[in-house]
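Thanks for making time this morning. I would like to walk you through one chain, beginning with its overall layout and then moving to a few individual residues.

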Amino acid sequence: MQLNLHLIKQLRNERGWTQQQLADICAVSLRTVQRVEMQGVGSLETCKALAAAFVIDREQLLARADNTDELNPTGPLPRMSLWIGGAFALGLTAGMLLTLLLSN
């Protein structure tokens, strides 16, 4: 299951917990916490344990499909949106050039 690794790191750091402390609280291995924070991958049981440790709903820990980019906290645009945006920009540029050519 994909988890929001950024949120998990943030919640742990806000509480001043080490990865080992979080692992102990959740009754999981240190390696499990490391994997969750590095890859955002964890089992349903791990997700439930993390949610209980942070006293939040389990759904809040789930990663959204558009929230995978570390450099962009709001998440990258879906690929289709990027393609459409690029096509629009290309069409706009071509239209402007055509307007300039026809006006001369």
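What follows goes from the helices to the core, then to two helix pairs, and finally to some single positions.

Please keep in mind throughout that this is a predicted model. The protein chain has five helices and zero strands, and read from the N terminus its elements simply run α-α-α-α-α. Of the 104 residues in the chain, 24% are buried. If we take the contacts with a sequence separation of 6 or more, 58% of them are between residues 24 or more positions apart.

Let me turn to the interior. The largest nonpolar core holds 15 residues, and those touching the most other members are Leu 3, Ile 8, Leu 22, Cys 26, Leu 50, Phe 54 and Leu 61. At least two residues of this core come from each of α1, which spans 5-15, α2, spanning 19-26, α3, spanning 30-39, and α4. The greatest contribution is that of α4, which provides six residues. As general background, nonpolar side chains in soluble globular proteins tend to be buried together.

Since α4 gives the most to this core, I will stay with that helix for a moment. It covers residues 44-54, and its buried residues are Thr 46, Cys 47, Ala 49, Leu 50, Ala 51, Ala 53 and Phe 54. The elements covering these buried residues include α1, α2 and α3. Leu 50 illustrates this well: once neighbours within four places in sequence are set aside, Leu 50 is in contact with Leu 3, Ile 8, Leu 22, Cys 26, Val 36 and Leu 61. Is Thr 46, in the same list of α4 residues, buried or exposed? Its relative accessible area is 9%, and because buried means under 20%, Thr 46 counts as buried. With the same sequence neighbours left out, Thr 46 contacts Val 28, Thr 32 and Val 36.

Now to the way the helices pack, beginning with α2 and α3. Their axes lie 8 Å apart and the packing angle is about 115°, and the two helices are therefore roughly perpendicular to each other. The crossing of α2 and α3 is right-handed. On the α2 side the contact is made by Gln 19, Gln 20, Leu 22 and Ala 23, and on the α3 side by Leu 30, Val 33, Gln 34 and Glu 37. Sorted by class, this contact has four nonpolar, three polar and one charged residues.

The other pair I want to show is α1 with α3, whose axes come within 7 Å and cross at roughly 125°. These two helices are therefore oblique to each other. Leu 5, Ile 8, Lys 9 and Arg 12 of α1 make the contact with Val 36, Glu 37, Met 38 and Gln 39 of α3. Here the residues divide into four nonpolar, one polar and three charged.

Arg 12 deserves a closer look. This arginine is found in helix α1, and at 11% relative accessibility Arg 12 counts as buried. Not counting residues up to four places away in sequence, Arg 12 touches Trp 17, Thr 18, Gln 19, Leu 22, Glu 37 and Phe 54. One of those partners, Trp 17, sits in the loop between α1 and α2 and is partly exposed, with a relative accessible area of 21%. On the same basis, Trp 17 touches Arg 12, Leu 22, Ile 25, Ala 53 and Phe 54.

I will finish with the backbone at two loop positions. Most residues other than glycine have a negative phi. Where, then, is Ala 27 found? Ala 27 is in the loop between α2 and α3, and its phi is positive, near 60°. At 69% relative accessibility, Ala 27 counts as exposed. Val 55 follows α4 and lies in the loop between α4 and α5, the latter spanning 79-103. The phi of Val 55 is likewise a positive value, near 55°, and Val 55 is exposed, with a relative accessible area of 72%.

That is where I will stop, and I am happy to go back to any of these points.

How values were computed. Residues numbered from 1 in each chain as written. Predicted model: local features only at pLDDT ≥ 70, side-chain atom pairs only at ≥ 80, totals over all residues. Heavy atoms only, no water. Helix = DSSP H or I, 4+ residues; strand = E, 2+ residues; numbered from the N terminus. Buried < 20%, exposed > 50% of the residue type's maximum accessible area, 1.4 Å probe, protein only. Contact = heavy atoms within 4.5 Å. Core = buried A, V, L, I, M, F, W, Y, C linked by side-chain atoms within 4.5 Å. Axes fitted to C-alpha atoms, helices over the stretch in contact; angles between N-to-C directions. Parallel < 35°, antiparallel > 145°, perpendicular 65-115°, else oblique. Left-handed = near helix turned anticlockwise from the far one by under 90°. Nonpolar A, V, L, I, M, F, W, Y, C, P; charged D, E, K, R; others polar.
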